[in-house]
Every structure is written in structure tokens, then in C-alpha cells.
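Subject: Structure for you to look at

Dear colleague,

Here is the structure I said I would pass on. Please open it next to this email; my notes come after it.

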Amino acid sequence: MSENQKTVYGPVHSWRFGSSLGLDPIFEISTCSFNCIYCQLGNIQKITTERKIYVPTEKVITDFKEFLDKPFEVITFSGSGEPTLALNLKEIAEQIKILKPQIPLLCLTNSTLLHLPEVQENLQIMDRVIVKLDASNNKTLQQMNRPADGVSLESIIAGIKAFKAVYKGKLDVQMMFMPVNLNQLEDLAILLKEIQPDTVQLNTPLRPYPIEWNRDSRGNHTENRSYTTRTLKVVTKEEAETIQNTLRERTNLNILSVYRE
Ligand code: SF4
């Protein structure tokens, strides 16, 4: 069976984490509480905040066992949408930890469900959680992240802070920069100072935007991709330098950039 039919993919090269094996607890169709204009999955097919079991734990574990002998440095929950929508996220993570106890478990989340105590509890097993923050106001949230009904910047920020207060692992913030949020550095710096993450990871959409969803787009896009894409407006290297320097000066935090690493 091709990797396309698996809930485990890669390892993919991550500029932040090295060789990363991807775990996809969403899988069937792209499903997320955001529909980001830069999403590497393309236009999200189901925009929802509903938590449920999207793919059985047994399938993920069966798929994972085929990768036990492959080399990778971290295991990352990501894939076809927002991992914290999966009600069995913790159950999957617990079984993966038994099979590969020495490999760090990471989770990329868009932060929209972090206000829920059960999501906070589910994520405790992760060694590192990377939360998304692109916008400093609701207008930009609507422009960039196009969230499900009921999701506001206020609920996202409150959720990140509540999670940070109880989480024992490392918490990073990842930020996507495009021309639309370039003018928000000062306000974003204030939010970062309030959150106090371990690391801030600056990104810009260097991966192309698929016109339609294709499961292959979970991993690294290659030049030989089988689906149609369009390139997005990115920030220049000079702008990225300014963003990094400004946020570092304002916050004194550890700021990494996709253009530097
Ligand atoms: S949060 Fe992630 S998966 Fe969801 S739409 Fe945005 S980039 Fe895509």
C-alpha cells in the first residue's frame, strides 16, 4: 500500500526539528478549525471544532509499526488537519510512547481548542507542543486563518495561556508571516511577552498552496508533485530579518527564522 494510504508518513525534513516522522490522526479528509490561506493541504474540506475519533487508534499503530526500523529524530502529530480534534490523540500517543519511548513526541496545533481542559490534559504526554499565532487582531485572524464559527483571537490567547500554566513540556509559538500581517510586529510582540514561550519559530509560506487537497501534501512538497499548486506571497529575506530582530529586541525571547536555520 502506498504511503498515501497510511496515517504515518515521512520522515520529512523539518527546519525546526530535523528528521520528523509524521502522524496523522485526522486522515480521511482535510479537517481543521482553521482554513489558513497558506495551508499546505489547500482549501480545508471540513472546517469544524468538533472533537471525535477521525481514524481508529489501531490503524495508526499498525501503520506506525512499519516505520519502527527507520531512522527519525522526532515524531510529530500533524497531518490532514488539526490534531487536537482527534478524541483519541492521547490514546495514540500513549501507545507510540510504549513502542518508541526514547523519541520525543511533538504536536503542532492551531491553538483553537487549548482552552478546553480535556485538550490540555490530552497534550500533557507530548514533549513539545508548538502553538500557532499569526494574528494580533480578529480582522487578521479572519483574513489569514479563516476560523470555524465561534473561534476568536481572545479565546485563542486565553487558551494558550491556560495551557502554558499547566503544561510541563516545552511550549513553542510558530508564526506565519505574509504581507497581510507584517504591520503587526509591535502587537504580536506584546502577546509573545505575555505568553513567554520557550522558542518562537518564524515562517513564511515557502511551500506552495495546492489547488485541491491531496494527501501527499502532508509531507515535504517536491518538484515532482502530482497535484497543481500556486505559489503564495512570502516575506523577503530582508523583511524576515527585520521581523526576527524586532521581535527579539521587544521580547528577549529565543526567535528562530526559516530563512536563517
Ligand atoms: S491550522 Fe494548519 S492544518 Fe489547519 S488550515 Fe491552518 S495550516 Fe492548515
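The notes below cover the sheet, the pocket, two helix pairs and two backbone details. Please keep in mind that this is a predicted model.

Sheet

The strands to look at first form an open sheet of 8 strands with mixed pairing. Their order across the sheet is β1-β2-β5-β6-β7-β8-β9-β12. The edges are β1 (8–14) and β12 (255–257), each of which pairs on one side only. On average, neighbouring strands of this sheet are turned by 25° against each other, direction ignored.

At the β1 edge, the partner is β2 (residues 18–23): the two strands run antiparallel and are joined by 5 bridges. In this pairing S14 stands opposite G18 in β2.

Strand β1 also holds a backbone detail. P11 lies in this strand, and the peptide bond leading to P11 from G10 is cis, with omega near 5°. For comparison, most peptide bonds are trans.

Pocket

For the largest pocket the computed volume is about 920 Å³. Its lining consists of 40 residues, and those nearest the pocket centre are R16, Q40, S78, L108 and R207. By class, the lining residues divide into 18 nonpolar, 17 polar and 5 charged.

Which elements give two or more residues to this lining? They are β1, β2, β6 (105–109) and β8 (170–176). The greatest share comes from β1, with 4 residues. The edge strand β1 is thus worth finding in the viewer before you turn to the pocket.

Just past β6 there is a second backbone detail. S111 lies in the loop between β6 and α3 (117–122). The phi of S111 is near 75°, a positive value in a residue other than glycine. Most residues other than glycine have a negative phi.

Helix pairs

Two packed helices are described by the angle between their axes and the distance between the axes. I have two such pairs to report.

- Helix α1 (residues 57–65) and helix α2 (residues 89–99): the axes come within 10 Å and cross at roughly 25°. Angles under 35 degrees count as roughly parallel, so α1 is roughly parallel to α2. The crossing of α1 with α2 is right-handed.
- Helix α6 (residues 185–195) and helix α7 (residues 237–251): the axes are 9 Å apart, and the helices pack at an angle of about 45°. That angle makes α6 oblique to α7. Here α6 passes α7 in a right-handed crossing.

If you want to check these points in your own viewer, the residue ranges above should be enough to find them.

Regards

Notes: Residues numbered from 1 in each chain as written. Predicted model: local features only at pLDDT ≥ 70, side-chain atom pairs only at ≥ 80, totals over all residues. Heavy atoms only, no water. Pairing = 2+ DSSP bridges. Axes fitted to C-alpha atoms, helices over the stretch in contact; angles between N-to-C directions. 1 Å grid on protein atoms, 1.4 Å probe; cavity = no way out; pocket = protein on both sides within 12 Å on 5 of 7 lines; lining within 4 Å. Points joined across faces, edges and corners; volume = space filled by probe spheres on them. Nonpolar A, V, L, I, M, F, W, Y, C, P; charged D, E, K, R; others polar. Parallel < 35°, antiparallel > 145°, perpendicular 65-115°, else oblique. Left-handed = near helix turned anticlockwise from the far one by under 90°.
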